[in-house]
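Trainee: I should like to examine this model with you, beginning with its aromatic rings and ending with its nonpolar cores. May we have the structure on display?

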Amino acid sequence: MNDRYDSVILHFIARVVMAPLIIVFGLYVLLHGELSPGGGFQAGAIVAAALLLVRLALGNRQAALRIPQGLLIWLACIGLGIYMFGGILPLILGANFLDYAPIPVEWYNQFAGEHRTPRAMGILIIEVGVFLGVVAVLVLIYDLIAGSSRQ
């Protein structure tokens with residue numbers, strides 16, 4: 001369905017310039033999701049867009065060799081597992097489901113001078129799970145629609 005374009009400039013711009021910048025922006029959206037607009041779903045959609053940009057520029061066959069379908073399924077399952085772990089951990093610690101206050105994880109960023117509370121760290125755990133799941137599922141959906149499903 002999607003053939004490789006024979007443009008060296010397009011390959012360079014997509015792989016070396018655009019995709020890394022889009023991925024860095026997606027990671028920024030992920031890490032600042034509890035403080036500003038954004039989060040795991042938005043960051044996952046942004047990073048998946050970067051991966052799909054490379055797939056569109058290189059063609060499905062060559063780009064699909066880099067991330068096999070089995071690995072995408074595993075990443076989606078790991079993302080769901082992280083989300084479940086982040087929700088069940090407060091239950092184990094005696095709080096409600098998805099209540100992050102009793103999670104004993106805190107982080108102090110010495111460069112920014114900010115202290116992240118356990119609630120913010122719990123949200124980050126949940127957002128990482130959502131991020132992995134969204135990236136894997138969106139790329140997997142594109143691969144299946146484009147007909148490049150490889151085991």
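**Aromatic pairing and cores**

Mentor: The count comes to 1 aromatic pair, where rings of Phe, Tyr and Trp (its six-membered ring) pair if their centres lie within 6.5 Å, and planes under 30 degrees apart count as stacked, over 60 as edge-to-face and the rest as tilted. This is a predicted model, in which local features need pLDDT of at least 70 and side-chain atom pairs count only at pLDDT 80 or more, while totals for chains, interfaces and linings use all residues. Residues are numbered from 1 along each chain as its sequence is written, and side-chain values use heavy atoms, with hydrogens and water left out.

Trainee: Which residues form the aromatic pair, and what is the angle between the planes?

Mentor: The partners both lie in helix 1 (residues 8-31), 3 residues apart, about one turn of the helix. Helices (H or I, at least four residues) and strands (E, at least two) are DSSP runs, numbered from the N terminus. The pair is stacked, with 6.5 Å centre to centre; the residues are Phe25 and Tyr28, and the angle is 25°.

Trainee: Is Tyr28 buried, partly exposed or exposed?

Mentor: Buried means under 20% relative accessible area, exposed over 50%, and partly exposed in between (1.4 Å probe, protein chains only). With a relative accessible area of 46%, Tyr28 is partly exposed.

Trainee: Which helix gives the most residues to the largest nonpolar core?

Mentor: A nonpolar core is a set of buried Ala, Val, Leu, Ile, Met, Phe, Trp, Tyr and Cys residues joined through side-chain atoms within 4.5 Å. The largest has 10 residues, among them Ala48, Leu52, Ile67 and Tyr142. Helix 2 (40-58), helix 4 (69-92) and helix 5 (118-146) each supply at least two of its residues. The greatest contribution, 5 residues, comes from helix 5.

Trainee: Which residues does Leu52 touch, not counting residues up to four places away in sequence?

Mentor: Contact means heavy atoms within 4.5 Å. Leu52 belongs to the largest nonpolar core. Beyond those four places in sequence, Leu52 touches Val139 and Tyr142.

Trainee: With which residues is Val128 in contact, leaving aside its neighbours within four places in sequence?

Mentor: Val128 lies in helix 5 and is partly exposed, with a relative accessible area of 29%. Its C-alpha atom is separated by 10.0 Å from that of Leu27, 101 residues apart along the chain. With the neighbours within four places left aside, the contacts of Val128 are with Leu30 and Ile82.
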